[in-house]
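Trainee: I am new to this structure and would like a close look at one part of it, taken slowly. Could you begin with a single residue and then lead me outward from there?

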Amino acid sequence: MTYRELIGDWDRAVRAIDRRDWPSARTHLLRVSEPGSKICFTLGCVLLRLGDLPGALLAFDQTIAKDDRLAVCFFQRGAVHLRLEMFDEALGDFKHALTNLRGNSVIDYTQLGLRHRLHSWEVLYNLAAMHCRQGQWLEAQQSLEEAVQARPQESNTQLDDALSMVKNRITFDPVDVPEGIVFRPRKHEVEELDLKDFLGTPKVISSIVPNDHFAGFGPLRPMKSGDDTSLGTKGYHRLLFNHTPRTASEFEAKAGSVVFVLENGEDGWSVVIADGQRGLIPTAYLEVRDGSRGNTPSQGSGSDGQRAPQVPPSRPAGTGEEISSKIPTSAAASGTENSHPDSVIMKVHYEYTVAMRVEPGMNYTDLLNVFKSKLGHRSGEMQLSYKNKEKQELELIRGEADLEKMWDQIVDRRLTLWCK
């Protein structure tokens with residue numbers, strides 16, 4: 001039986017006791033295969049209410065066998081012995097109860113799960129009841145007098161009435177733990193019985209912009225009503241958030257600054273130009289500037305009355321190939337395809353996904369050096385794989401021969417690799 005099942009049956013038994021459904025409580029408690037002292041004590045109290053004195057006595061015997069310092073169990077078993085007229089056993093139980101009180105006038109069992117306080121005067125009261133049944137009136141009177149001295153400061157009419165009955169040679173009934181007072185499982189253990197959904201209900205979130213095909217992780221940003229273009233469209237854009245570069249290819253910019261987008265990469269990065277510099281900005285950080293969507297012009301008009309297309313404010317000096325060499329990471333991969341007609345966009349799946357632009361036919365050593373520089377691994381071994389179009393399986397790239405096969409997998413000037 002698992003601990004979870006034990007707590008479940010114990011809790012159901014306690015709930016039945018609260019309803020005074022004693023047979024149901026007994027059923028749940030008997031289902032526990034290896035009960036502890038608290039469950040045995042609870043079962044004894046249930047059987048006592050059902051009138052099964054021998055069964056209750058056996059349950060209390062099992063409780064004491066598991067915990068021989070439980071004064072309240074000795075007290076309860078002594079009351080059962082007294083009802084069964086087993087006076088010697090009752091006398092022994094009441095003496096053990098007094099011993100386990102350790103000289104205290106009261107023991108509070110609330111912290112152990114039993115909402116009851118056992119007083120020393122109650123034990124002495126039952127001891128006097130036992131002497132009465134044996135005709136030992138002097139001993140009974142002495143026990144009650146000790147109980148009167150041990151009782152709390154407030155008056156106790158029960159003790160006064162019992163003392164009067166002993167003087168008149170009249171027996172009285174013993175007391176025991178009140179009905180419904182049993183050991184209960186800890187609250188947090190019961191709460192753990194209910195299954196918890198830590199992940200919550202999944203929710204699919206998609207862009208309200210019809211042409212937005214971006215897939216990835218980015219911060220939430222406000223959308224203006226009427227936006228019908230995708231993020232990162234060529235043209236002037238405004239930054240929504242500050243961006244601090246983490247690689248040499250990224251562009252540092254502050255929120256509110258205006259940049260010109262050259263290319264919206266499929267990896268969630270856009271190639272931008274600002275202040276004569278070219279670099280990368282997360283596409284999700286960009287907002288289309290009012291009046292600057294798509295090819296909407298921002299400078300001048302044509303002679304035919306149509307407005308001229310937008311052009312970047314300033315481009316970096318040098319040829320396109322020189323610019324590409326200055327951006328060794330995904331900036332080169334995100335450049336326009338028309339500026340590098342022979343290059344290939346290569347996407348590499350690593351701990352994260354990166355993209356770069358390379359020239360087909362590059363030898364194996366140079367390709368490894370580019371990857372190491374891109375991924376920040378200047379030393380150590382690197383294992384590259386590509387997916388065979390026919391077999392649909394990953395194949396390792398071990399040298400020039402495998403590299404030639406890899407170049408054959410190019411589709412639409414794009415290639416995907418896996419790196420370890």
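Mentor: Leaving aside its neighbours within four places in sequence, R77 is in contact with L57, F60, D61, I64 and D93, and you should read this, like everything that follows, as a description of a predicted model. R77 is found in helix α5, which covers residues 71-83, and R77 counts as buried because its relative accessibility is 14%, under the 20% that marks the limit for that word.

From a single buried residue we can move to a whole helix, α8. This helix holds 14 residues, 137-150, and its end C-alpha atoms are 20 Å apart, which agrees with the 20 Å that the helix should span at 1.5 Å a residue. The buried residues in α8 are W137, A140, S143, L144 and A147; seen down the helix axis they fall within an arc of 120°, so they line one face of α8. On the face turned away from that buried side, α8 carries the exposed residues L138 and Q149. The cover over the buried residues of α8 includes α7 (120-133) and α9 (157-167).

One of these buried residues, L144, leads us into the interior. In soluble globular proteins, nonpolar side chains tend to be buried together. Here the largest nonpolar core has 66 residues, of which F41, L144 and F172 touch the most other members, and α7 gives the most to this core, with 9 residues. If residues up to four places away in sequence are not counted, F172 touches Y125, A128, A129, C132, R133, L144, A162, M165 and V166. There is also a second, separate core, made of 22 residues, and V348, V354, L367 and C419 are among them.

That brings us to another region, built around a sheet. Its 5 strands form an open sheet in the order β9-β8-β12-β10-β11, with mixed pairing; β9 and β11 are the edge strands, each pairing on one side only, and the twist from one strand to the next averages 35°. The mixed pairing can be followed from β8. Towards β9, β8 is joined by 6 bridges and the two strands run antiparallel, forming a hairpin with 3 residues between them, and M346 stands opposite M356 in β9. Towards β12, β8 is joined by 5 bridges and the two strands run parallel; I345 has R414 as its bridge partner in β12, while K347 has T416.

Two helices lie across β8, β9, β10, β11 and β12: α13 does so running at about 135° to β9, and α14 does so running at about 135° to β11. In α14 (residues 400-407), D402, L403, M406 and W407 are buried, and they cover an arc of only 145° around the axis, which puts them on the same side of the helix. What covers these buried residues of α14 includes β8, β9, β10, β11 and β12, together with α13.

How values were computed: Residues are numbered from 1 along each chain as its sequence is written. This is a predicted model: local features need pLDDT of at least 70, side-chain atom pairs count only at pLDDT 80 or more; totals for chains, interfaces and linings use all residues. Side-chain values use heavy atoms; hydrogens and water are left out. Helices (H or I, at least four residues) and strands (E, at least two) are DSSP runs, numbered from the N terminus. Buried means under 20% relative accessible area, exposed over 50%, partly exposed in between (1.4 Å probe, protein chains only). Contact means heavy atoms within 4.5 Å. The expected span of a helix is 1.5 Å times one less than its number of residues. The arc is that of the directions from the helix axis to the C-beta atoms. A nonpolar core is a set of buried Ala, Val, Leu, Ile, Met, Phe, Trp, Tyr and Cys residues joined through side-chain atoms within 4.5 Å. Two strands pair if DSSP finds at least two bridges between them. Axes are lines fitted to C-alpha atoms, for helices over the stretch in contact, and angles run from 0 to 180 degrees between N-to-C directions.
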